[in-house]
Amino acid sequence: MSESQTYTPPKVWVWEKPDGGTWGEHNRPTAGATHERDLPVGRHPLQLYSLGTPNGVKVTILLEELLAAGHAGAEYDAWLVRIFEGEQFGSGFVDINPNSKIPAMVDRSLDPPVPVFESGAILTYLAEKFGAFLPTDPLGRARCQSRLFWQMASTPYLGGGFGHFYMYAPIKIEYAINRYTIEIKRQLDVLDRQLAQNEFIAGDAYTIADMAIWPWYVLLASTDMYENSSSYFQIHEYAHLQRWAKQIAARPAVKRGSLVNRVFQQDVPHVAERHDASDFDGLF
Ligand SMILES: N[C@@H](CCC(=O)N[C@@H](CS)C(=O)NCC(=O)O)C(=O)O
């Protein structure tokens with residue numbers, strides 16, 4: 001019997017030491033800032049503090065889509081937050097996101113400036129501000145928001161659940177990996193069935209629900225986000241999901257947005273910080 005099967009939790013849990021695993025040294029059981037650090041502020045109305053993970057690029061994809069659609073007020077500075085170095089615990093970042101996770105944004109076109117955190121809240125805020133990519137009729141809006149909230153609630157099982165136990169945990173626990181594998185296969189089937197009936201995630205229109213879901217599931221589908229994961233999940237079997245993923249990937253704004261703050265894959269062309277449209281010059 002493995003050690004994990006014989007472990008009995010104590011009556012009162014006490015934090016003793018980092019629990020191991022990749023990035024374990026940043027985990028602590030309290031919130032709040034660990035150090036003083038002001039956030040930089042650029043010249044554009046929208047200031048984004050982020051990293052090019054799926055949660056980060058869903059916002060830069062929307063910003064690039066808004067700019068492509070002619071919304072000049074969506075000009076933005078995308079500053080890098082190096083979460084692997086603990087920058088999400090700096091005082092300036094904690095002031096705008098007390099949950100210390102990227103992405104977070106400040107809309108400085110308003111007085112007082114409006115801070116927003118949680119990627120789904122940022123997508124909704126921007127879609128409402130510019131009247132784009134979020135249907136306004138009750139049925140269309142409900143469909144879009146249902147799928148958006150589904151993504152926010154479901155992908156922690158993919159990243160924090162499956163990805164953690166499959167790839168990053170210091171020990172491989174068959175029970176945990178199987179539990180999350182079943183859930184991720186189920187989620188892939190939810191998406192595939194929806195996309196068999198609809199061109200886009202929420203129906204006939206391309207919305208923020210597509211932008212939220214695409215970065216997570218296309219990474220799993222088209223690359224090995226977690227070692228061998230596309231083969232492990234037999235991703236090719238989800239034909240409708242694949243069709244949609246390629247369709248979204250072909251959009252120029254999606255190509256641009258996907259490269260912003262993507263510093264953790266040094267071999268992939270990227271824009272470490274985006275402050276101007278010309279930052280993409282020469283990349284495509
Ligand atoms: N529900 C949040 C999740 C954000 C999130 O988990 N961000 C990760 C990167 S993808 C992060 O900042 N992690 C740093 C940490 O946990 O300390 C959202 O969608 O905005």
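## Exercises on a predicted model

Helices α2 and α10 are oblique to each other, a term for angles outside the classes roughly parallel (under 35 degrees), roughly antiparallel (over 145) and roughly perpendicular (65 to 115). Helices (H or I, at least four residues) and strands (E, at least two) are DSSP runs, numbered from the N terminus.

This is a predicted model, in which local features need pLDDT of at least 70 and side-chain atom pairs count only at pLDDT 80 or more, while totals for chains, interfaces and linings use all residues. Residues are numbered from 1 along each chain as its sequence is written.

**Exercise 1.** State at what angle α2 and α10 pack, and how far apart their axes lie.

*Solution.* Step 1: axes are lines fitted to C-alpha atoms, for helices over the stretch in contact, and angles run from 0 to 180 degrees between N-to-C directions. Step 2: the angle between α2 and α10 (residues 252-259) is about 140°, and their axes are 7 Å apart. Step 3: α2 contributes V57, T60, I61, L63, E64, E65 and A68 to the contact, and α10 contributes P252, A253, V254, R256, G257 and S258; two residues are in contact if their C-beta atoms, placed from the backbone, lie within 7 Å.

**Exercise 2.** Identify the domains of the chain and describe where they touch.

*Solution.* Step 1: domain 1 covers 7-133 + 252-284 and domain 2 covers 138-250, with bounds from an automatic or database domain assignment. Step 2: their C-alpha centres are 21 Å apart. Step 3: 15 residues of domain 1 and 16 residues of domain 2 form the contact. Step 4: on the side of domain 1 that touches domain 2, α2 (54-68) and α4 (119-130) each provide at least two residues.

**Exercise 3.** Find which residues surround the ligand.

*Solution.* Step 1: a residue is near a molecule or strand if its C-beta atom, placed from the backbone, lies within 6 Å of it. Step 2: the ligand is surrounded by H26, T53, N55, I83, Q88, S100, K101, I102, P103, E118, S119 and M152.

**Exercise 4.** Locate the cis peptide bonds that precede P103 and P112.

*Solution.* Step 1: most peptide bonds are trans. Step 2: the bond joining I102 and P103 is cis, with omega about 0°, and P103 lies in the loop between α3 (91-96) and β3 (104-107). Step 3: D111 and P112 are also joined by a cis bond, with omega about 5°. P112 is in the loop between β3 and β4 (114-117).
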